[in-house]
Amino acid sequence: MPNVMLTYRCNLRCSYCFANEFVNGSNVDITPENFKKAIDFLTSDGECAIGLIGGEPTIHPHFSEYLEQISQNEKIVRATIYTNGLLISDFIEYLKNEKFYILVNCNSPKVIGESNFENLVKQLDLLYSIEDAKNRVSLGINLYSDSMDYSYILELAKRYNVHRLRMSVTVPNLSENKDQSSMEYLRSRKKFTLQFIKDCAENQILPYYDCNSIPQCIWNDEEIKEIQAIIDGFGVKRTNLLGYHSFCRPVIDILPNLNAVRCFGMSDFLKVPISDFSNLGEIRDYFINMIDSYVYHIPCEEDCKTCHQRQSQRCAAGCMAFVQHKLDKISEAKVNKFGES
C-alpha cells in the first residue's frame, strides 16, 4: 500500500525512529496542492488503498481537510493513518467513517514520558469507543532494544481486548553499522524477539511482523517448534512469524515535494519525482529494477548464495537498508548509463 507523507514534523522524538532522515529535520508539510496531486496520481488507475504517514500526520494544519477529501473520494477504498495516537480525539468524528483505519504505534512511558502515556491511554479509550473499532484499529510496537520493557503494550492489549499486535524489529543506525550483516543483526535479536512472542501468546496475543522479519533459517529446530506450537494454539493458517517468506516489495512513499522513495529504509538511497511516471505500477517496477533485483544478488552470508528462498526472491535477509551502501556503485553505473538523477 502506497503512503503519502504529510509532514516531516513530529510531536515526539523517539531515538529509534526509522524515518530519522526526515522527521523533525525541518518544518516541511505537504501543501494542499501537492496533496491533491499525490492522491490524483495514486488513483489514476482506479480504486486504491493508501496510507497517511509522517512525522506525525495528525499535526498537519490541514489534516482534517485531507480526511474530508479522502472520505469523499470514491476511488480511495481505504486509508490507514499511522500515528502515535496523541491527538486522535481532535479527529474522532472523521475516524468514525469506516473508510479510515488507524495503526497506533504505542511507545512506553519511559520513552514518551508518563504524561504523554496517560494521554495516549485516554485517546485510545475514546478511539476504541467507536462501534467497529475492533475491525479498524491496530496497536503496534517497535522492538528497538533487547533491554526495553514491553509490559505496557501487553497491558494495553488486555485493556482493549486486542489479540493481534503489529511488531517491528527496528533497524540499527546503519551509518554507524553499515558493515554489519542483516543476518548477524537479526540473529542477535532473535532471543529477545522469541521471548516477546512467547509473552504475547501467554496473554492471548498473536503478534505479526510489519517489516524486517526474521528469516526462517535463523531459528533452530527447537525454536521453530516453539513458534509453530504458538501458531497452532491460535488456530491460524496464515502468519509471517516463522519467516518462510521474509521479503518485502516496494511500498512507495510519496514525500511532501512529490518525490517518491521505495520505503523509508531506502529513502536516502534513491528518490524520483512522481511526475516522471504514469502510475504507481511504473514506480514500483522502477524500484524493483533499480534496487530489489540487485539486492537479491548480494548474499549476506555464504549459505545465502545457494538458498532457494533467496534465489526465488522470497527472502531478502532482513531490511534492504543493510546493503544499500553496496548498491552505490551499481546504482551509479546504471544512473550514468540511463541518464537518471
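This is a short walk through some charged pairs and one cavity in the structure above. The model is a predicted one, so please read each value below as computed from that prediction.

Let us begin with the charges. Side chains of opposite charge can pair when their charged atoms come close. Counting salt bridges here gives 13, and three of them make good stops on our tour.

The first stop is in helix 1, which spans residues 32–42. There, lysine 37 pairs with glutamate 33 in a salt bridge whose closest N and O atoms are 3.5 Å apart. The two residues sit four positions from each other in that helix, about one turn. How open to the surroundings are they? Lysine 37 has a relative accessibility of 41%, which makes it partly exposed. Glutamate 33 reaches 53% and is exposed, because anything over 50% counts as such.

The next stop joins two helices. Arginine 159 forms a salt bridge with aspartate 125, and their closest N and O atoms lie 2.9 Å apart. This pair links distant parts of the chain: arginine 159 belongs to helix 7 (residues 151–159), aspartate 125 belongs to helix 5 (residues 114–127), and 34 residues separate them. Aspartate 125 is partly exposed, at 32% relative accessibility.

For the third stop, look for arginine 189 and aspartate 146, whose side chains meet in a salt bridge at 2.6 Å from N to O. Arginine 189 is found in helix 8 (residues 182–202), while aspartate 146 is in the loop between strand 5 (137–143) and helix 7, so the salt bridge ties together parts that are 43 residues apart in sequence. Is each partner buried or exposed? Arginine 189 is buried, with a relative accessible area of just 4%; the cut-off for that label is under 20%. Aspartate 146, with 39%, is partly exposed.

Now let us turn from charges to empty space. How many cavities of 30 Å³ or more does a search of the whole structure find? The search finds one. The largest cavity holds about 30 Å³ of space. Which residues line it? Among them are Ser182, Val295, Cys300 and Arg310, and the lining also includes the run Ala316, Ala317, Gly318, Cys319 and Met320, together with Phe322 and Val323. Sorted by class, this lining has eight nonpolar residues, two polar ones and one charged one.

Notes: Residues are numbered from 1 along each chain as its sequence is written. This is a predicted model: local features need pLDDT of at least 70, side-chain atom pairs count only at pLDDT 80 or more; totals for chains, interfaces and linings use all residues. Side-chain values use heavy atoms; hydrogens and water are left out. A salt bridge is a side-chain nitrogen of Lys or Arg within 4 Å of a carboxyl oxygen of Asp or Glu. Buried means under 20% relative accessible area, exposed over 50%, partly exposed in between (1.4 Å probe, protein chains only). On a 1 Å grid over the protein atoms alone, a cavity is a set of points where a 1.4 Å probe fits but cannot get out, and a pocket is an open set with protein on both sides within 12 Å along at least five of seven lines; lining residues have an atom within 4 Å of a point. Grid points are joined across faces, edges and corners, and a volume is the space filled by probe spheres set on the points. Ala, Val, Leu, Ile, Met, Phe, Trp, Tyr, Cys and Pro count as nonpolar, Asp, Glu, Lys and Arg as charged, and the others, Gly among them, as polar.
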